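This report looks at how charged side chains pair with one another and at how nonpolar side chains gather in a core. Please keep the sequence and the structure in view while reading.

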Amino acid sequence: MTSPELVPLPGGDPDPVAAHLARSRAAGRGWVNLAPVGDDDDPVTRHRSVPGAIFGSVSGRGPQRPRVTWTPPEPRRRNVRPGAIGIEHPAGARVVPRLADAGWPVPAGWRVAQDHALRGLVVEVPPDDPGGDVAALRWAVAAARVLAPDTAGGDWVAEIHTG
């Protein structure tokens with residue numbers, strides 16, 4: 001397995017990964033993780049401590065520093081599995097109403113697949129969503145900032161996995 005390519009995202013803007021999103025969508029595989037840059041400059045290791053990764057969170061909440069994951073739609077034999085946006089965050093369960101109250105509702109046509117305290121928020125994005133993949137990531141970064149305001153500001157970094 002190859003190491004992920006790291007791409008800086010000044011201000012959290014996902015535009016620098018647009019070409020990768022298009023390639024991943026065309027291939028129907030791969031994924032992108034986005035995380036805010038912090039004191040620990042390795043986005044892979046700063047997300048969770050080793051004990052937390054092995055035993056899970058003892059607090060019953062997600063990580064302090066949020067992480068956004070994008071996966072493309074996946075062609076299947078009879079249909080297309082929707083793409084997905086996942087947000088791991090420390091805000092607890094049932095964050096969909098909190099996002100709506102903050103002005104970042106889940107976009108129309110998207111389906112909430114999971115809203116869990118520890119595993120985070122997962123929404124399915126239809127393959128033909130008119131907003132596009134970069135806009136979906138832009139929404140997810142804004143939502144992560146709502147859910148983890150102390151740690152999600154400033155610059156972000158993307159981990160590009162070709163899968």
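A search of the whole structure, which is a predicted model, finds 6 salt bridges. As general background, side chains of opposite charge can pair when their charged atoms come close. Three of the pairs are set out in the table, each with its N to O distance.

| Acidic residue | Basic residue | N to O distance |
|---|---|---|
| Asp-133 | Arg-25 | 2.8 Å |
| Glu-88 | Arg-67 | 3.0 Å |
| Glu-124 | Arg-111 | 3.0 Å |

**Pairs between elements**

The salt bridge between Asp-133 and Arg-25 has its closest atoms 2.8 Å apart. Because Asp-133 belongs to helix α4 (residues 133-147) and Arg-25 to helix α1 (residues 18-27), this pair ties together parts that are 108 residues apart in sequence. Asp-133 has a relative accessible area of 12% and is buried, whereas Arg-25, at 29% relative accessibility, counts as partly exposed.

A salt bridge also joins Glu-88 to Arg-67, with N and O atoms 3.0 Å apart. Here two strands take part, since Glu-88 lies in β6 (residues 83-88) and Arg-67 in β3 (residues 67-71), so the pair ties together parts that are 21 residues apart in sequence. Glu-88 is buried, its relative accessible area being 15%.

In the salt bridge of Arg-111 with Glu-124, the closest N and O atoms are again 3.0 Å apart. Arg-111 sits in strand β7 (residues 111-116) and Glu-124 in strand β8 (residues 120-125), and the pair therefore ties together parts that are 13 residues apart in sequence. Arg-111 is partly exposed at 47% relative accessibility, and Glu-124 is partly exposed with a relative accessible area of 24%.

Salt bridges can also form a network, and one such network links Asp-13, Asp-15 and Arg-138.

**The nonpolar core**

Which residues have the most contacts inside the largest nonpolar core? They are Leu-34, Val-68, Ile-85, Ile-87 and Trp-139, in a core of 32 residues. The elements that each give two or more residues to this core are the strands β1 (5-9), β2 (31-36), β3, β6, β8 and β9 (156-161), together with helix α4. The largest share, 9 residues, comes from α4.

Ile-85 shows how such contacts reach along the sequence: leaving aside residues up to four places away, Ile-85 touches, among others, Val-68, Trp-70, Leu-121, Val-123, Ala-136, Leu-137 and Trp-139.

Conventions. Residues are numbered from 1 along each chain as its sequence is written. This is a predicted model: local features need pLDDT of at least 70, side-chain atom pairs count only at pLDDT 80 or more; totals for chains, interfaces and linings use all residues. Side-chain values use heavy atoms; hydrogens and water are left out. A salt bridge is a side-chain nitrogen of Lys or Arg within 4 Å of a carboxyl oxygen of Asp or Glu. Helices (H or I, at least four residues) and strands (E, at least two) are DSSP runs, numbered from the N terminus. Buried means under 20% relative accessible area, exposed over 50%, partly exposed in between (1.4 Å probe, protein chains only). A nonpolar core is a set of buried Ala, Val, Leu, Ile, Met, Phe, Trp, Tyr and Cys residues joined through side-chain atoms within 4.5 Å. Contact means heavy atoms within 4.5 Å.
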